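Let's take a walk through this structure together. Have the viewer open and follow along.

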Amino acid sequence: MTPTPPLSFEPPRGMRDFYPEDMLWRNRVFDAWRRAAVAYGFQPYDACVVESLELLQRKSGEEVSEQIYHFEDKSGRKLALRPEMTPTLARMIAARQGQLAFPVKWFTIAQCFRYERMTRGRKREHYQWNMDIVGEESVSAEVEILAAAAAGLKAMGMPDAAYKIRVNNRALLAELLANSGIASEHHAAVFLALDKRGKIPDEEIAALLKAEGLGEEAVAKTFELLGVQTLEQAAALAGAGSPALATLRELFALAETCGIADRLVFDISVIRGLAYYTGIVFEAFDTERKFRAIFGGGRYDSLLTTIGGAPTPAVGLGFGDVVVVEVLKDLLGETAAAEKSGVIVGYMFPEQRDAATRLARTLREKGESVDLMLTRQKPKQFFSRAGASQAASAVFIGPDDVSKGAAKLKNLATREEADIPLG
Ligand code: HAM
């Protein structure tokens with residue numbers, strides 16, 4: 001009989017296992033996301049990771065539509081693992097459109113799946129913090145989302161100087177393209193082509209634009225637009241009365257009031273790879289641009305109608321857990337998430353097990369987290385385990401401590417000791 005080949009201990013390609021040391025980072029990020037969302041008045045929502053394929057699949061040539069993990073259930077329903085949360089959110093809003101008090105501010109932490117080419121910062125599964133404001137037209141919604149995202153970054157220990165949020169307005173690009181004689185029916189395809197800049201050679205982008213029907217001159221003009229660096233240069237092309245420019249100016253002014261303007265920059269090359277954005281779009285990067293985008297989002301005022309809902313303005317962001325952890329580890333060190341807390345309790349002989357268990361019980365009842373050793377240990381063995389553990393302090397109980405009715409609580413960082421009663 002041939003022996004069964006051993007199973008691989010690796011997870012499927014692109015999927016991640018989270019060992020306890022990985023969970024320290026994940027919890028740090030998730031906690032920061034939740035705290036920031038709640039601090040900014042967002043309400044939690046959730047949905048199943050399995051969605052109907054029809055809702056997710058758009059025929060716009062977006063990369064994300066081609067990356068969907070899909071399957072048929074036993075009854076032949078075409079289903080998929082969601083690659084993003086936004087279509088599900090739109091569906092949930094549309095289902096209750098008559099009952100909701102708009103604007104709604106909702107957040108979730110959603111696991112998403114994309115069959116991606118694996119590169120740094122790209123996995124086939126990731127968690128994404130989504131915050132969306134649905135039912136608000138004014139740029140106050142964009143600024144609220146950006147300020148909440150900045151609060152999230154602060155809460156996870158990211159210095160303000162370590163990142164920049166690059167902001168653009170697709171409506172501005174649309175105005176500029178129209179001024180260059182490129183008709184609006186081409187704009188969506190032009191946006192998706194221009195979003196590939198830096199990912200594929202310019203000649204390939206030019207070929208995509210030509211395939212969309214743009215002539216040689218229109219292609220040249222389109223590339224020229226991406227050379228615009230400042231709002232003043234944009235104003236010179238779009239005209240002082242440009243509504244899209246006014247929106248951008250309003251956003252930057254309100255960001256000043258919110259205290260986040262130092263991290264915002266105008267960048268006409270930020271377009272985003274999803275077809276549904278209609279206005280302001282943004283992406284955050286580490287200041288040195290060593291990593292991929294930390295988060296991205298924007299305004300999508302037509303998505304609700306696309307799926308059959310009533311016209312409803314919306315803006316939101318998706319902030320993944322992969323890149324931000326890479327950036328934080330690079331800035332703060334691999335072990336930065338391992339903040340120590342709680343007490344580790346051990347004992348020397350079986351006779352002290354009761355005293356150790358009682359102490360653990362008392363401390364736990366007071367709300368302290370306690371890692372109680374399950375067997376007797378030699379002092380050296382115990383303190384070596386304690387040093388490697390997540391505990392901030394340690395109590396090791398020997399026969400003398402029990403007769404004295406007190407043991408030593410040792411701070412594992414400073415080595416300071418204090419008496420702790422064993423009553
Ligand atoms: P997105 O730019 O496709 O937007 O994804 C948002 C963020 O999710 C990215 O900036 C990145 O942090 C993370 N992300 C995406 N794909 C991967 C991957 N394969 N591996 C690791 N991280 C990834 C959206 O998904 C929009 N639905 C966001 C949104 C919400 N717009 C409005 N509301």
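Start in the loop between strand E8 (264–266) and strand E9 (280–286), which is where Arg 272 sits. Keep in mind as you look that this is a predicted model. What is phi of Arg 272 near? The value is near 80°, so to speak on the positive side, in a residue other than glycine.

A second backbone feature turns up in another loop, the one between helix H4 (86–95) and strand E5 (104–113), where you'll find Pro 103. The peptide bond that joins Phe 102 and Pro 103 is cis, with omega at about 0°.

Now for the ligand. There are 25 residues around it, and the ones that come nearest are Glu 84, Thr 86, Lys 123, Asp 132 and Tyr 277. If you like to think in polar pairs, three side chains are good places to click. Arg 114 has a side-chain N or O atom 3.0 Å from an oxygen atom of the ligand. Gln 128 also places a polar side-chain atom 3.0 Å from a ligand oxygen. With Tyr 276 the partner is a nitrogen atom of the ligand, and the polar side-chain atom lies 2.9 Å from it.

On to the helices. Two packed helices are described by the angle between their axes and the distance between the axes. With that in hand, we can go through three pairs in chain order.

Pick out helix H6 (residues 170–179) and helix H7 (residues 187–194): their axes come within 11 Å and cross at roughly 115°. Angles of 65 to 115 degrees count as roughly perpendicular, and H6 and H7 are therefore described that way relative to each other. The crossing of H6 past H7 is right-handed. On the H6 side, the contact uses Arg 170, Leu 173, Ala 174, Leu 177 and Ala 178, which meet His 187, Val 190 and Phe 191 in H7. Sorted by class, the residues of this contact are 6 nonpolar, 1 polar and 1 charged.

Next come helix H8 (residues 202–211) and helix H9 (residues 216–225), with axes that come within 10 Å and cross at roughly 130°. That angle makes H8 oblique to H9. H8 passes H9 with a right-handed crossing. Here Asp 202, Ile 205, Ala 206, Leu 209 and Lys 210 from H8 meet Glu 216, Val 219, Thr 222 and Phe 223 from H9. The class breakdown for this contact is 5 nonpolar, 1 polar and 3 charged.

How are helix H10 (residues 231–238) and helix H11 (residues 243–258) packed? They sit at an angle of about 160°, and their axes are 11 Å apart. Angles over 145 degrees count as roughly antiparallel, and H10 and H11 are therefore put in that group. Their crossing is left-handed. From H10, the contact draws on Leu 231, Glu 232, Ala 234 and Ala 235, and from H11 on Leu 245, Leu 248, Arg 249 and Phe 252. Count the classes in this contact and you get 6 nonpolar and 2 charged residues, with no polar ones.

Terms used. Residues numbered from 1 in each chain as written. Predicted model: local features only at pLDDT ≥ 70, side-chain atom pairs only at ≥ 80, totals over all residues. Heavy atoms only, no water. Axes fitted to C-alpha atoms, helices over the stretch in contact; angles between N-to-C directions. Helix = DSSP H or I, 4+ residues; strand = E, 2+ residues; numbered from the N terminus. Parallel < 35°, antiparallel > 145°, perpendicular 65-115°, else oblique. Left-handed = near helix turned anticlockwise from the far one by under 90°. Contact = heavy atoms within 4.5 Å. Nonpolar A, V, L, I, M, F, W, Y, C, P; charged D, E, K, R; others polar. Near = heavy atom within 4 Å. Polar contact = N/O pair within 3.5 Å; in protein donor to acceptor, adjacent residues only side chain to side chain.
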